[in-house]
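Good morning, colleagues. I should like to take you through one structure today, beginning with its core and ending with how its helices pack.

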Amino acid sequence: MIRQSLTSQDEAFLRRAIELARRARDDGRHPFGALVVNEHGRVVVEALNNAVRPAGDPTQHAELSACAAAAELLNEEALAMCTLYTSTEPCAMCAGAIYWTGIGRVVFALSEKNLYRYTGSDNGNPTLDLPCREVFARGQRLTLVAGPFLEDEAGEVHEGFWTQD
């Protein structure tokens, strides 16, 4: 596992992911957003969470949706050079999607552990306490991970959203 630091480009794209999460919330969705950026710093795809039932599908997390869209546009070599930026640490399902898509790097804002401060035991987001680094560490290909960064800023999007049972 290699930990990375936050660059100015990473910071800008993380802020974009947080803004996408804000857009998702404003649209009545769970407040998560993600984007895939190529090695030249160009946005390939952006995605909002669409997991809220009944209209959404519980597997349509922002990261998984971004992976699926990027995989339709890019070949394996290009995906390996991409970075997925996300407002919150990828869950185990999304980490699996990132791994199987072959995206080479992940940068996240709010950690899964700190997300729990906002969600509590809300049924809309039952926390699966499995850090993405642990998921990637079990794979045969290297996935670089950087984060958490900008956690307070990313957490603001969740303020008052979850019921905190």
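What you see is a predicted model. Let me begin with the largest nonpolar core, which has 43 residues. Which of its members touch the most others? They are Val36, Ile103 and Phe136. Helix α1, residues 8-26, supplies the largest share of this core, with seven residues. As general background, nonpolar side chains in soluble globular proteins tend to be buried together.

Ile103 deserves a moment of its own. Setting aside residues up to four places away in sequence, Ile103 is in touch with Val36, Cys67, Leu79, Cys82, Thr83, Leu84, Ile98 and Thr143. Val36, one of those contacts, points from strand β1 in the same direction as Ala34, while Gly33, Leu35 and Val37 point the other way.

That brings me to the sheet. Five strands make up an open sheet, and their order is β2-β1-β3-β4-β5, with mixed pairing. At the edges are β2, residues 43-48, and β5, residues 144-146, each of which pairs on one side only. From one strand to the next, the twist averages 15°.

I shall now walk across the sheet from the β2 edge. β2 and β1 run antiparallel and are joined by five bridges. Within that pairing, Ala34 has Ala47 in β2 as its bridge partner. The two strands form a hairpin with five residues between them, and in the turn Gly41 has a positive phi of about 80°.

Is Asn38, in the loop between β1 and β2, buried or exposed? Asn38 has a relative accessible area of 17%, and buried means under 20%, so Asn38 is buried. Apart from residues up to four places away in sequence, Asn38 touches Val44, Met81 and Cys82.

On its other pairing, β1 meets β3 in the antiparallel sense, over four bridges. Here Val37 stands opposite Thr83 in β3. How enclosed is β1 itself? Five of the five residues of β1 are buried, so this strand is largely enclosed by the rest of the structure.

Moving on, β3 and β4 run parallel and are joined by five bridges. Thr83, which we have just met opposite Val37, has Arg105 as its bridge partner in β4. Arg105 in turn has Leu144 as its bridge partner in β5. The pairing of β4, residues 105-110, with β5 is parallel and consists of three bridges. As for burial, six of the six residues of β4 are buried, so β4 is largely enclosed by the rest of the structure.

I return briefly to the edge strand β2, where Leu48 lies. The relative accessibility of Leu48 is 15%, and therefore Leu48 counts as buried. What surrounds Leu48, leaving aside its neighbours within four places in sequence? The contacts are Leu20, Arg23, Ala24, Arg29, Phe32, Gln60 and Ala62. Leu48 and Ser65 are 17 residues apart along the chain, and their C-alpha atoms are separated by 7.8 Å.

By way of contrast, consider Asp26 in helix α1. With a relative accessible area of 64%, Asp26 is exposed. From Asp26 to Ala70 the C-alpha to C-alpha distance is 24 Å, and the two are 44 residues apart in sequence.

My last topic is helix packing. Helix α2, residues 62-73, lies across β1, β2 and β3, and runs at about 145° to β2. The strands β1 and β3 in that arrangement span residues 33-37 and 83-88, respectively.

How does α2 pack against α4, the helix of residues 92-101? The angle between them is about 15°, and their axes are 8 Å apart. Because angles under 35 degrees count as roughly parallel, α2 is roughly parallel to α4. The crossing in which α2 passes α4 is left-handed. On the α2 side, the residues that meet α4 are Glu63, Leu64, Cys67 and Ala71. On the α4 side, they are Met93, Cys94, Ala97, Ile98 and Thr101. Cys67 and Ile98 will be familiar, for both are touched by Ile103.

To close, I would ask you to keep two points in view. The sheet is open and its pairing is mixed, and among the core residues that touch the most other members is Ile103. Thank you for your attention.

Definitions and conventions. Residues numbered from 1 in each chain as written. Predicted model: local features only at pLDDT ≥ 70, side-chain atom pairs only at ≥ 80, totals over all residues. Heavy atoms only, no water. Core = buried A, V, L, I, M, F, W, Y, C linked by side-chain atoms within 4.5 Å. Buried < 20%, exposed > 50% of the residue type's maximum accessible area, 1.4 Å probe, protein only. Contact = heavy atoms within 4.5 Å. Pairing = 2+ DSSP bridges. Axes fitted to C-alpha atoms, helices over the stretch in contact; angles between N-to-C directions. Parallel < 35°, antiparallel > 145°, perpendicular 65-115°, else oblique. Left-handed = near helix turned anticlockwise from the far one by under 90°.
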